[in-house]
Amino acid sequence: PDLQEQWASLLRAGQRIPLVVRAERPPGSDGDDDDRLCFEHAGFQEALFVFALAAGEAPGFLDVADALQARLEDGFFSPVFALGRGLLGEALARRYPEWKLCGLSADAV
């Protein structure tokens, strides 16, 4: 069957969807269409965020050095930077070629 229909059928049947949990409905919602689904483990969402950052799909997150410094020091983002260290390192090297890492310029790394 069509994957969208298979997904909808799992939701209608109330069956557990692997890797996904149903979060509480927003206040004022009155039906199943308002359900919010999220990953059962934050690591999946963090990994998707890493891919989006590396692909340049999150404008502004890596673009302002001072804000980036704050994010690097913010424990909330630690898992993102740990999971994506290789991809994000390459993205940062492209974005900030003037930065020196361990005494090497980004183009030498």
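Start with the whole chain in view: read along the sequence, its elements follow the pattern α-β-β-α-α-α-α-β-β. That makes five helices and four strands, taken as DSSP runs numbered from the N terminus (helices are H or I with at least four residues, strands are E with at least two). This is a predicted model, in which local features need pLDDT of at least 70 and side-chain atom pairs count only at pLDDT 80 or more, while totals for chains, interfaces and linings use all residues. Residues are numbered from 1 along each chain as its sequence is written, and side-chain values use heavy atoms, with hydrogens and water left out.

**Whole chain, surface on**

Switch on the surface. The chain exposes about 8000 Å², and carbon and sulfur atoms supply 57% of that area; accessible areas come from the Shrake-Rupley method with a 1.4 Å probe, and for residues only the protein chains shown count as cover. Of the 109 residues, 21% count as buried (buried is under 20% relative accessible area, exposed over 50%, partly exposed in between, with a 1.4 Å probe and protein chains only).

**Select helix H2, 42–54**

Its 13 residues should span 18 Å at 1.5 Å a residue, and the end C-alpha atoms are 18 Å apart, which agrees. The expected span here is 1.5 Å times one less than the number of residues. Which residues of H2 are buried? Colour Gly43, Glu46, Val50, Ala52, Leu53 and Ala54 to see them. The buried residues of H2 pack against H4 and H5. At the start of the selection, Ala42 is partly exposed, with a relative accessible area of 46%. Try a distance from there: Ala42 and Val80 are 38 residues apart in sequence and 9.9 Å apart in space, C-alpha to C-alpha. Just after H2, click on Gly56, which takes a positive phi of about 75°.

**Select the core**

Now pick Val50, Leu53, Phe61, Leu62, Leu68, Phe77, Val80, Phe81, Leu88, Ala91, Leu92 and Tyr96, the 12 residues of the largest nonpolar core. A nonpolar core is a set of buried Ala, Val, Leu, Ile, Met, Phe, Trp, Tyr and Cys residues joined through side-chain atoms within 4.5 Å. Helices H2, H4 (78–83) and H5 (85–95) are the elements that give two or more residues to this core, and H5 has the largest share, three residues. In soluble globular proteins, nonpolar side chains tend to be buried together.

Zoom in on Val50. Apart from neighbours within four places in sequence, Val50 is in contact (heavy atoms within 4.5 Å) with Val80, Leu83, Gly84, Leu87 and Leu88.

**Select Leu48, Phe51 and Leu87**

These three make a nonpolar surface patch of about 290 Å². Patches use residues with over 30% relative accessible area and no salt bridge, joining like charges within 9 Å and nonpolar side chains (Val, Leu, Ile, Met, Phe, Trp, Tyr) within 5 Å. Leu87 lies in helix H5 and is partly exposed, with a relative accessible area of 33%.

**Last stop: Asp63 and Arg95**

The structure holds one salt bridge, a side-chain nitrogen of Lys or Arg within 4 Å of a carboxyl oxygen of Asp or Glu. Asp63 forms this bridge with Arg95, the closest N and O atoms being 3.2 Å apart. Asp63 lies in the loop between H2 and helix H3 (65–73) and Arg95 in helix H5, so the pair ties together parts that are 32 residues apart in sequence. Asp63 is partly exposed, at 36% relative accessible area, and Arg95 is also partly exposed, at 36%.
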